[in-house]
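Biologist: Could you pull up the model, so we can go through its empty spaces and then a helix and a loop?

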Amino acid sequence: MSRPILTLQGVSFRYRVSRHEYGPPVLKRVDLEITPGAIQVLIGSSGAGKSTFLRLLNRLEEPTEGVIRFDGVDLVECDPLRLRRDVALVAQEPFLVEGTVRENLMLPFEDGDAAGGLGDKMERVLHSVGLTAGMLTRPAGNLSVGEKQRVSLARALMTAPKVMLFDEPTSALDPDNRGLLARTVRRINASEAMTFVVVTHLEDFARELDGRLFRLRDGEIAAL
Amino acid sequence: MMAEPIAPIGAGQLSLTVLLMLLVVGLSYYEKLALEREYLLGVGRTFVQLLLVGYILEYILSLNRWYLVLLILAVMVAAACQAGVGRLRRRDLRLYPMMAVSLLVGGGVTILVVTEVVLRIEPWYHPRYLIPLAGMIIGNAMNGATLGGERYRSELLLRSAEVETLLCLGFGAKRASANARREAISAALIPTLNSMMVVGVVSLPGMMTGQILAGTSPLIAVRYQIVVMIMISAAVSLSAYLMVVMLSRHYFTRHHQIRYYVLKK
């Protein structure tokens, strides 16, 4: 078996409520390995700490205890900005900047570090999330929730991350769109060998993703 | 034009303002505003605080000592700091040093430029100039820092999805919070901009009115007022900017994470 791309060792997490005080535990001594190139799905009820789990993986939060490693390197040693391009997170409520879909896809490159050929790349990522190049000129504000979700995923794909963290992607989707999204994730995973960590509270959607299943309950994560 | 000697207000004349006070109390009673007590307390404080300041200023102007002038300025900054943090309504002791720095730097630079470069007062601490000008500058710097700071915090909370999306795309805290910062600094400047637009047309500023009442030529009074308006805009923008920049370091970790426990406190 290939070396895990992300490893959690004894990871506990509590939110800070003040400088010296912490709230109740959200994660308790979690040990977990994320397999590269695979889809892993974390199921849990709302409020179980699924989003928190993802936020730890791209260093939006720091574990209160334990170590998380990316490609064998402790996250505290990683530059968080670089890490977040390698371990991308698509939030539950997609946020698109004002302007067109094109401007949104170009957003990660506004520093000017684009490697050229962005036009082709935009068309390719749109295609991979099931949208067409015709979308590029549409104002982001006029998109449906499902389309926003896809554009948000496409934007995260633009930086060619190694791991894609996907937070409750179905929260605003109807069953048809959910099926479509599951197929999209499977397709990208197969074609790009991209690692996915998807969290959801929907068992059906989790099974549709056809990946390794885990359950988060009472702060503990167990394989299903 | 020679300034005519100003007509002094005697204690008897001052007490005649009671006629106007009765008008307010009467209105409050008639319309059941229940503001009589508060109004009379306000009147009392106005009399006591201003008479006290009058005596202190008279004393300081007559002594004309630089250390006394600096002492007065320090008291002003401390009081503004306390009032400004109080208005932010957060139980956060770290706001005090931030407020102090924005007032001292934002206000200090403005005071220095106005008194030493523009007006070139002699001696540098001339209390007749320095104290009233510094009072205006510090008061406005406090408003700028408070408005900017409060707006920055609420913008960050309102725009948390935007800020987090940008952080997740690999942008630093500075870029991720740029819109919030922009809104906050603009919001702090808007009252000043508004008053600059209507000054002299809709309203005659208090200082100018005072100078004219005291017999200064309106032509000189307006020049002072122009200096005052510009110095206020400088103090407001500089202190609002400093406050927002310092708050940014307070609300984000150096690893570009939002400190929600501070932001939501």
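Biologist: How do the lining residues of the largest cavity divide into nonpolar, polar and charged?

Modeller: Keep in mind that this is a predicted model. The lining takes in Leu89(A), Val90(A) and Phe95(A) on one chain, and Cys168(B) and Leu169(B) on the other, among others. Charged members include Arg155(A) and Glu164(B). By class, that makes eight nonpolar, two polar and two charged.

Biologist: Which elements give two or more residues to the lining of the largest cavity?

Modeller: That cavity holds about 90 Å³ of space, and both chains contribute to its lining. Passing the two-residue mark are β6 (87-90) and α5 (145-157) of chain A, plus α7 (160-168) of chain B.

Biologist: Now the largest pocket: which element supplies the largest share of its lining?

Modeller: This one has about 1200 Å³ of space and 44 lining residues, with Phe13(A), Tyr15(A), Arg55(A), Glu61(A) and Tyr260(B) nearest its centre. Elements giving at least two residues include β1 (6-16) and β2 (22-34) of chain A and α12 (260-263) of chain B. The largest share, five residues, is from α7(B).

Biologist: And how many charged residues are in the lining of the second largest pocket?

Modeller: Its volume is about 700 Å³, and Ile9(B), Leu14(B), Leu50(B), Leu51(B) and Gly54(B) are the lining residues nearest the centre. α3(B) gives the most, seven residues. The classes come out as nine nonpolar and five polar, and for charged residues the answer is no charged ones.

Biologist: On to α9(B): what distance apart are its end C-alpha atoms, and does that agree or disagree with the expected span?

Modeller: The helix covers residues 178-198, so at 1.5 Å a residue its 21 residues should span 30 Å. The end C-alpha atoms agree with that, sitting apart by 30 Å.

Biologist: Where does the kink in α9(B) lie?

Modeller: Look shortly before the proline Pro191(B). The kink is about 35°. Its place is Ile190(B).

Biologist: What covers the buried residues of α9(B)?

Modeller: The buried ones are Ala178(B), Ala180(B), Arg181(B), Ala184(B), Ile185(B), Ala187(B), Ala188(B) and Thr192(B). Their cover includes, from chain B, α6 (127-158), α8 (173-176) and α11 (218-251).

Biologist: Last one: is Gly99(A) buried, partly exposed or exposed?

Modeller: Gly99(A) is in the loop between β6 and α3 (101-106) of chain A. Beyond its sequence neighbours within four places, it touches Asn104(A), Arg138(A), Pro139(A) and Ala140(A). Its relative accessible area is 27%, and buried would need under 20% while exposed takes over 50%. So Gly99(A) is partly exposed.

Technical notes:
Residues numbered from 1 in each chain as written. Chains lettered and ligands numbered in written order. Predicted model: local features only at pLDDT ≥ 70, side-chain atom pairs only at ≥ 80, totals over all residues. Heavy atoms only, no water. 1 Å grid on protein atoms, 1.4 Å probe; cavity = no way out; pocket = protein on both sides within 12 Å on 5 of 7 lines; lining within 4 Å. Points joined across faces, edges and corners; volume = space filled by probe spheres on them. Helix = DSSP H or I, 4+ residues; strand = E, 2+ residues; numbered from the N terminus. Nonpolar A, V, L, I, M, F, W, Y, C, P; charged D, E, K, R; others polar. Expected span 1.5 Å × (residues − 1). Bend = angle between axes of the 7 residues up to and from the residue. Buried < 20%, exposed > 50% of the residue type's maximum accessible area, 1.4 Å probe, protein only. Contact = heavy atoms within 4.5 Å.
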